[in-house]
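Student: I would like a close look at one residue of this structure and at the parts that surround the ligand. Please take me through it step by step.
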Amino acid sequence: MPEILVEKPQAHVALIRLNRPEVKNALNIRARELLAEHFTALGADDDVRCIVLTGNDDVFAAGADIKQMADAGAVEMMLRKTHLLWLAVSDCPKPVISAVNGYALGGGCELAMHTDIIIAGESAMFGQPEVRVGIMPGAGGTQRLTRAVGKFKAMKMLMTGRPVSAAEADAMGLVSEVVPDAEVLSRALEMAGQIAALPPLAIMQIKEVAIAGQDASLSTGLMLERKAFQILFDSRDQKEGMKAFIDKRKPEFEGR
Ligand code: CO8
């Protein structure tokens with residue numbers, strides 16, 4: 001079985017499953033190559049309007065594959081160029097929802113933080129335990145976690161390596177919603193369906209501007225927002241959305 005599985009469970013929605021259950025979905029290089037390929041392909045597929053990323057009932061992902069890193073040196077790690085694989089995930093223009101059951105640790109937590117919305121089961125655990133194996137996060141953990149939850153909650157997780165529960169993650173703003181374990185995937189797919197029914201160009205502009213704006217000054221972010229807002233007035237979906245509102249009917253969005 002491939003390390004990553006892709007399905008189309010409903011119209012305009014793609015589901016990516018991490019599939020290395022025997023090693024808690026540890027992300028070996030092959031899995032990350034496949035993730036990059038799938039995110040690139042689905043990102044370019046006009047039929048796909050929302051992507052759900054999940055693991056299995058037991059674990060989202062327990063991090064990068066420690067067995068593939070244990071004997072590596074710095075130059076070898078550099079030559080692997082795995083940051084380019086992560087970039088394919090963060091650069092995906094489509095909205096991505098993580099559906100997290102069980103552990104999201106190390107590179108698994110970082111992978112979830114690459115996505116836009118995180119739905120967590122009540123028993124999910126989030127952590128950056130890299131320090132306990134002698135390293136530190138290497139796929140954005142020190143940066144995305146700090147931005148998501150603030151310095152003091154992030155430093156506690158990064159420096160102790162102790163995972164937090166779904167309830168703690170919810171309280172600190174690391175997840176979007178916590179639901180019963182059995183409902184994680186169905187809730188993520190339900191939300192994906194809701195997003196997929198909305199105008200895709202507007203959704204992609206929201207994603208691009210919100211993320212780019214995090215790295216910009218407020219005035220630059222506001223300018224990006226203003227330009228994207230204005231551009232959307234050249235879309236058919238803007239005309240359809242506003243006309244449907246005025247006509248008191250349901251809009252039909254086509255992504256144009
Ligand atoms: N890598 C490789 N194998 C793993 C990993 C992993 N991260 N996690 C679990 N496994 C394997 C175990 O070795 C075990 O294999 P085997 O059956 O052959 O002994 C199997 O999965 C089952 O694991 P456990 O027996 O440990 O299962 P438990 O239910 O007792 O525990 C845990 C589950 C808590 C998830 C535990 O396995 C664990 O702590 N795993 C390691 C978590 C960790 O330290 N993650 C951080 C890894 S480092 C990292 O992610 C750096 C990211 C940098 C990204 C950039 C890279 C270039």
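Where is Asn-25 found?

Tutor: The model is predicted, and every statement that follows should be read with that in mind. Asn-25 is found in the loop that runs between strand 2, residues 13–18, and helix 1, residues 29–44. The backbone of Asn-25 deserves attention, since its phi is near 60°, a positive value in a residue other than glycine. Most residues other than glycine have a negative phi. Asn-25 is also buried, because its relative accessible area is 1%, which is to be set against a cut-off of under 20% for buried residues.

A second residue can be placed beside it. Lys-81, although it is not a glycine, has a positive phi of about 50°, and its place is in the loop between helix 2 (74–80) and helix 3 (82–90). Whereas Asn-25 is buried, Lys-81 is partly exposed, with a relative accessible area of 42%.

From Lys-81 the chain goes on into helix 3, where the buried residues are Thr-82, Leu-85, Trp-86, Ala-88 and Val-89. They cover an arc of only 150° around the axis, and therefore they lie on the same side of helix 3. Among the elements that cover these buried residues of helix 3 are helix 1, helix 2 and helix 4.

Helix 3 also belongs to the surroundings of the ligand: together with strand 6 (103–105) and helix 4 (107–114), it is one of the elements that each supply at least two residues of the shell. Of the 23 residues around the ligand, Ala-62, Ala-64, Ile-66, Thr-82 and Gly-107 come nearest, so that Thr-82, one of the buried residues of helix 3, is also named in this group. By class, the shell is made up of 11 nonpolar, five polar and seven charged residues.

Several polar atoms of the protein can be located with respect to oxygen atoms of the ligand. A polar side-chain atom of Lys-24 lies 3.5 Å from a ligand oxygen, and a polar side-chain atom of Lys-67 lies 3.2 Å from a ligand oxygen. In the case of Gly-107 a polar backbone atom takes part, at 2.9 Å from an oxygen atom of the ligand. On its own the ligand has 1100 Å² of accessible area, and the protein covers 65% of it.

Helix 4 can be followed a little further through His-114, which has its place in that helix and is buried, with a relative accessible area of 8%. Once neighbours within four places in sequence are left aside, His-114 is in contact with Trp-86, Val-89, Ser-90, Ala-139 and Arg-144; of these, Trp-86 and Val-89 are listed with the buried residues of helix 3.

Two further residues serve as a contrast with Asn-25. Asp-215, in the loop between helix 9 (200–214) and helix 10, is exposed, with a relative accessible area of 62%, and its C-alpha atom is 28 Å from that of Arg-162, 53 residues apart in sequence. Glu-225, which has its place in helix 10, residues 218–231, is partly exposed, with a relative accessible area of 48%, and its C-alpha atom is separated by 9.8 Å from that of Ala-212, 13 residues apart along the chain.

Conventions
Residues numbered from 1 in each chain as written. Predicted model: local features only at pLDDT ≥ 70, side-chain atom pairs only at ≥ 80, totals over all residues. Heavy atoms only, no water. Helix = DSSP H or I, 4+ residues; strand = E, 2+ residues; numbered from the N terminus. Buried < 20%, exposed > 50% of the residue type's maximum accessible area, 1.4 Å probe, protein only. Near = heavy atom within 4 Å. Polar contact = N/O pair within 3.5 Å; in protein donor to acceptor, adjacent residues only side chain to side chain. Areas by Shrake-Rupley, 256 points an atom, 1.4 Å probe, with all protein chains shown as cover. Nonpolar A, V, L, I, M, F, W, Y, C, P; charged D, E, K, R; others polar. Arc of directions from axis to C-beta. Contact = heavy atoms within 4.5 Å.
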